[in-house]
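Let's walk through this one together, starting with the overall layout and then moving in to the strands and the helix contacts. Have the model open as you read.

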Amino acid sequence: MKILVAVDGSSFTKRMLAYLTAHDEWLGGTHAYTILHVVPAIPPRAAAAVDKETLKAYYDDESEKVLKPIRSFFAKQGIKADYVGKVGHAADLIAATADKGKFDLLMMGSHGHSTLGNLVMGSVATKVMAHCGVPVLTIR
């Protein structure tokens, strides 16, 4: 199975990883994992004031802060994975990556907001499920 794992470094990502370790069927060499982290883009006016190399270094550093412990986790489990950092709107990029990459499953943690909370604040998980053609496993 080809699995995309969306991570943001929050406690909800940690819960998702705990879920993975508690369920042996997800761990092992039979699955191909791609770990995706999306860094929010700097507003265009601010980005215009910074040179491209500095901006790229910022995005790479922000992504690495999240991906480094995830790399360690997967290495301890003996699982090889691809790691991808993207810049932009998280929900849009996660759904697009899942669809374009022809993944069999998308795994992601969810904050578990109530319906009212989603209405007021929005939810990346809700938006991903609405726009993604790939089955989504949300863990909260």
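What pattern does the chain follow when read along the sequence? Before tracing it, keep in mind that this is a predicted model. Going along the sequence, you'll find β-α-β-α-α-β-α-β-α-α-β. Count up the secondary structure and you get six helices and five strands.

Now for the chain as a whole. It has 140 residues, and 38% of them count as buried. If you take the contacts with a separation of 6 or more, 77% come from residues 24 or more positions apart.

Let's go to the strands, with β2 as our starting point. Strand β2 spans residues 32-39 and is mostly covered, with seven of its eight residues buried. Which strands does it pair with? One is β1 (residues 2-7), which runs parallel to β2 and is joined to it by six bridges. To find your place in that pairing, look for V5, which sits opposite I35 of β2. The other pairing to look at is with β3 (residues 81-87), again in the parallel sense, this time over seven bridges. Here a handy marker is L36, whose bridge partner in β3 is V84.

On to the helices. Start with α1 (residues 11-22) and α3 (residues 52-76), whose axes lie 12 Å apart at an angle of about 5 degrees. Since angles under 35 degrees count as roughly parallel, that makes α1 roughly parallel to α3. On the α1 side, the residues to pick out are T13, L17, L20 and T21, and they meet I70, F73 and F74 of α3. Sort this contact by class and you have five nonpolar residues, two polar ones and no charged ones.

The second helix pair is α4 (residues 90-100) with α6 (residues 124-131). Their axes come within 8 Å and cross at roughly 40 degrees, and the crossing of α4 and α6 is right-handed. Which residues make this contact? From α4 come A90, A91, I94, A95 and D99, while α6 brings V124, K127, V128 and H131. The classes in the contact of α4 with α6 are six nonpolar, one polar and two charged.

So, to retrace the route: β2 pairs in parallel with β1 and with β3, α1 packs with α3 at about 5 degrees, and α4 crosses α6 at roughly 40 degrees.

How values were computed. Residues are numbered from 1 along each chain as its sequence is written. This is a predicted model: local features need pLDDT of at least 70, side-chain atom pairs count only at pLDDT 80 or more; totals for chains, interfaces and linings use all residues. Side-chain values use heavy atoms; hydrogens and water are left out. Axes are lines fitted to C-alpha atoms, for helices over the stretch in contact, and angles run from 0 to 180 degrees between N-to-C directions. Helices (H or I, at least four residues) and strands (E, at least two) are DSSP runs, numbered from the N terminus. A crossing is left-handed if the near helix is turned anticlockwise from the far one by less than a right angle, and right-handed if clockwise. Contact means heavy atoms within 4.5 Å. Ala, Val, Leu, Ile, Met, Phe, Trp, Tyr, Cys and Pro count as nonpolar, Asp, Glu, Lys and Arg as charged, and the others, Gly among them, as polar. Angles under 35 degrees count as roughly parallel, over 145 as roughly antiparallel, 65 to 115 as roughly perpendicular and the rest as oblique. Buried means under 20% relative accessible area, exposed over 50%, partly exposed in between (1.4 Å probe, protein chains only). Two strands pair if DSSP finds at least two bridges between them.
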